[in-house]
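I opened the notebook to record what I looked up, step by step. The ligand shells come early, the overall fold later.

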Amino acid sequence: MSDNKGVRRVNEDLARERANCSFDVREITFLLDGGENNTITRKKIEDFTLTDELLSDKVPDECLSPKEKYENAVRKSCLFGKLVKDKLLEFGGLETFGPNSFVLRRIADAFFKEISPLLLHLGMFVPTILGQCTAEQQSEWLPRALSMQVIGTYAQTELGHGTFIRGLETTATYDPETEEFVLHSPTLSSFKWWAGGLGKTVNHCIVVAQLHTKGQCHGTHPFIVQIRDLETHQPLPGIKVGEIGPKLGFNTADNGFLGFDKYRIPRMNMMMKNAQILKDGTYVKLDRHGKMTYGTMVFIRVMVVNEVAFNLAKAATIAVRYSAVRRQSEKKPGEPEPQILDYVTQQHKLFICIATAHALQLTSDWLWRTFSGVVTDIKHGKTDSLPEFHALSSCLKAISTSDAALLIEQCRHSCGGHGYMMSSNLPLIYSFVTATRTYEGDYTVLLLQTARFLIKAWEQAEAGKPLTPTVSYLTKYFKDGRVPWDSTSEGIVNAAYGVAAGKISACVKSIRNRVKTGLSYEDAWDLTTVQLVAAAEAHCRAVICDVYRSEAVRLTEKSSPNVRAVMRQLTTLYLHYWALERIGDLLRYSAVSEEDVVALQQKYEELLALIRPDAVGLVDAFDIRDEILNSTLGAYDGRVYERLMEEALKSPLNAEPVNRSFHMYLKPLMQGKL
Ligand SMILES: CCCCCCCC/C=C\CCCCCCCCCCCC(=O)SCCNC(=O)CCNC(=O)[C@H](O)C(C)(C)COP(=O)(O)OP(=O)(O)OC[C@H]1O[C@@H](n2cnc3c(N)ncnc32)[C@H](O)[C@@H]1OP(=O)(O)O
Ligand SMILES: Cc1cc2nc3c(=O)[nH]c(=O)nc-3n(C[C@H](O)[C@H](O)[C@H](O)COP(=O)(O)OP(=O)(O)OC[C@H]3O[C@@H](n4cnc5c(N)ncnc54)[C@H](O)[C@@H]3O)c2cc1C
């Protein structure tokens, strides 16, 4: 596949797809990056970071032992860390961690096929210092953390409790005599478990523990704790720390366990922005809302929506490019084998992945802007927007991670056997994303948090009180009766809100009926939780449909007609896909008729055909470099079979023609001598 100048040519099918694309790919890239200037900056950063020859591994990571994998990940993390420190700060100092942090996150994928042991340091340790420390504490810890002298993680979850934070058992008891906290792990189940980087990498961590002072427990609070010697890296006396062992993914993250035996830390190591302990042990609560110490979790939930959107874009890029290169079977006897992308079922599997990647990215951008508003409010002492934002970020985190994981797995299915190869990168993308459904708040648990808010909002609507923006639709759909059906995009979004309102109303009725039978409110709630999760899902789906539709219209106002057309096709496809997926709900809560359902299906299939010629252009527009995709199936040039063979030949088993196990076991077995 090289021409006579040694330049590798692009696979002919992919080249033809690109030539036939109806729009200028760069235009959509600019939209997704938030403007041409952002694309230029991103590309500049990518250009000077991704040329490093240290990026390429002679032996694929997945062929290394767990220890070698970890060591390689530390090596690359240090290179990456140095790069960030030395070069990227030139792009705007600390700002690099603001506007360009998504770029940092993107290029990190070229360094780590799995995950960096330092992810939690930059992803949670630093943000928690920013969010939970006083200005004085920040000036002490932040420079040391950003210069990587102090390397940290976030240790909240314990063996016995992850979800129920109030049930954590680690204690931090204040001793006014020495002005220290005594950290202790009273039981096996109180051992910290899971924190990324804790096993072998970090020297500090944020520990969430029950604060005791003057004989009283004041609930969970965060503390900065040094756990290893800065010179020798040995665990300090009173610290028991180690790695938790192999997992489905995250295998280079050295997730760890940690226990304390009456371990002492200075008073000022309590993160004191939201609560303080005075020298004499007096507890001073500064958090009027009560849940401000959960702030880092809320921040990460916001970040995760973007994280999974990007990972879904990677999987879709791999699967769509591969589907344009791969030919299989025949549609009519004797005809040449078609590209598998020409099978309508393949389009059904894949185009929803492209549309969902757009939907989640636009929703994530919107969520980020909303979050920035909430942060500004909090800075001015206003916390009224927190309950709504907690409900919103909880459900968006739950639904985006769940949708992305399912669709990434669908991308793997769509690549047949080769999708199962580690070198396709689809298994690693999946194992990374499926964890997001659990960490930072389990799917069901977070949807139930949203449901709590929705039920309260319903009660407020009943009482004629004003509602906050994301639930204001409840006023409109408050009266019983089916939502009128209208098959336009706006009509489908309205129907989605109607379904959510109908489900919330049904939950309220169920709970009330159960209470009438003599059950406590808690028991009635518990018995209704299956419906409550479904109601929160419906609410979240309506929000995503609404935001995606309106943001896509807004963003493409000045676009060329062809870009506007294809973006419109994708949003319409997304809305039709979900209308058809939830057709039972629409039949129950809206006035949709059987003929309307037939029309929805027909329109959906027409959209698949319309999008087909632009599919490769659409994934090219994600503009994800080969170094970041890390995939034999998804590279820009489409040299799928060559890359699969090149990677197979790197397997250590191929380094010698005969493996010693032949002489040790097979031969004796064959000769009856075993
Ligand atoms: C070197 C190279 C690296 C390269 C990187 C480059 C750049 C990096 C930058 C960014 C990358 C980001 C990517 C991120 C990846 C990070 C990986 C993370 C790994 C995972 C980490 C973790 O998992 S940490 C542990 C997380 N744990 C959880 O999430 C636990 C979940 N549980 C809870 O949140 C809570 O327990 C609960 C909400 C479920 C219940 O809490 P609680 O019992 O206290 O409350 P109640 O149910 O009684 O409710 C009372 C009341 O409070 C309200 N409320 C609850 N939570 C909040 C909140 N957070 N905010 C506001 N309000 C809240 C609740 O609604 C109730 O209100 P009512 O009015 O009473 O109804
Ligand atoms: C890859 C990975 C990395 C992680 N990294 C970190 C880290 O760096 N730091 C850290 O502190 N933690 C970390 N965690 C831990 C993570 O935050 C928790 O695992 C997560 O919050 C879920 O809690 P749990 O494990 O206690 O699950 P559980 O709460 O035990 O959940 C088990 C099941 O019970 C259900 N359930 C629980 N409570 C309820 C309820 N009230 N109502 C209905 N159903 C319920 C859940 O839905 C789930 O089906 C990590 C986890 C993973 C997988």
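**Shell of ligand 1**

I began with the shell around ligand 1 and asked which element gives the most: α8 does, with five residues. I noted first of all that this is a predicted model.

I then listed every element that supplies at least two residues to the shell around ligand 1. They are α4, α5 (101–111), α6, α8 (295–325), α10 (386–414) and α12.

Next I looked for the nearest residues. The shell around ligand 1 has 38 residues, and L118, Y294, H390, Y439 and G441 come nearest.

I sorted the shell around ligand 1 by class. I got 19 nonpolar, 13 polar and six charged residues.

**Shell of ligand 2**

I repeated the lookup for the other ligand. There are 23 residues around ligand 2. Those that come nearest are Q156, T157, G162, T163 and W194.

Which elements supply at least two residues each to the shell around ligand 2? I found β1 (154–155), β4 (192–195) and α12 (443–462). The most comes from α12, which gives three residues to the shell around ligand 2. I had already met α12 among the elements that supply the shell around ligand 1.

By class, I counted ten nonpolar, eleven polar and two charged residues in the shell around ligand 2.

I also checked the domains. Domain 2 (135–286) and domain 3 (295–467 + 475–619) each give at least three residues to the shell around ligand 2.

**Annotated binding site**

I turned to the record. An unreviewed UniProt entry lists T157 and G196 for "binding site". These two span 40 residues in sequence, yet their C-alpha atoms are no more than 11.0 Å apart, so they gather at one spot.

I took T157 first. T157 sits in the loop between β1 and β2 (171–175). Is T157 buried or exposed? I count 18 other C-beta atoms within 10 Å, so T157 is partly exposed. Leaving out residues up to four places away in sequence, T157 touches G162, K192, W193 and W194. Two of these contacts, G162 and W194, are also among the residues that come nearest to ligand 2.

Then I took G196. G196 lies in the loop between β4 and β5 (204–213). How many C-beta neighbours does G196 have inside 10 Å? I found 27, so G196 counts as buried. Its contacts, with neighbours within four places in sequence set aside, are L119, L120, T153, A253 and N255.

**Domains and their contact**

I wrote down the division of the chain: domain 1 (27–120), domain 2 (135–286) and domain 3 (295–467 + 475–619).

How far apart are the centres of domain 1 and domain 2? Taken over C-alpha atoms, the separation is 29 Å. I then looked at the contact itself. In it, 14 residues of domain 1 meet 17 residues of domain 2.

On the side of domain 1 that touches domain 2, α4 (66–86) and α6 (119–132) give two or more residues each. The most comes from α4, with seven residues. I sorted this side of domain 1 by class too: ten residues are nonpolar, one is polar and three are charged.

**Annotated stretches**

I went back to UniProt for the domain names. The unreviewed entry lists residues 294–455 for "domain: Acyl-CoA oxidase C-alpha1". I find 74% helix and 0% strand over residues 294–455. The end C-alpha atoms of this stretch are 22 Å apart.

The unreviewed entry also has "domain: Acyl-CoA oxidase C-terminal", which covers residues 490–671. Residues 490–671 come out at 76% helix and 0% strand. Here the end C-alpha atoms are 75 Å apart.

**Whole chain**

I closed with the overall figures. I count 23 helices and eleven strands in the chain.

Does the radius of gyration agree or disagree with a compact globule? For 674 residues such a globule would have a radius of gyration near 26 Å, and the chain has 27 Å, so the two agree. Along its principal axes the C-alpha trace spans about 90 × 75 × 60 Å.

I checked burial and found that 43% of the 674 residues are buried. My final entry is on contacts between residues at least 6 apart in sequence: 75% of them join residues at least 24 apart.

Notes. Residues are numbered from 1 along each chain as its sequence is written. Chains are lettered from A and ligands numbered from 1 in the order in which they are written. This is a predicted model: local features need pLDDT of at least 70, side-chain atom pairs count only at pLDDT 80 or more; totals for chains, interfaces and linings use all residues. A residue is near a molecule or strand if its C-beta atom, placed from the backbone, lies within 6 Å of it. Helices (H or I, at least four residues) and strands (E, at least two) are DSSP runs, numbered from the N terminus. Ala, Val, Leu, Ile, Met, Phe, Trp, Tyr, Cys and Pro count as nonpolar, Asp, Glu, Lys and Arg as charged, and the others, Gly among them, as polar. Domain bounds come from an automatic or database domain assignment. UniProt positions are given in the numbering used here, feature names are shortened, and annotations may be inferred rather than shown by experiment. A residue is buried if 20 or more other C-beta atoms lie within 10 Å of its own, exposed if 12 or fewer, and partly exposed in between; C-beta atoms are placed from the backbone. Two residues are in contact if their C-beta atoms, placed from the backbone, lie within 7 Å. The radius of gyration is taken over C-alpha atoms; the globule rule is 2.2 Å times the number of residues to the power 0.38.
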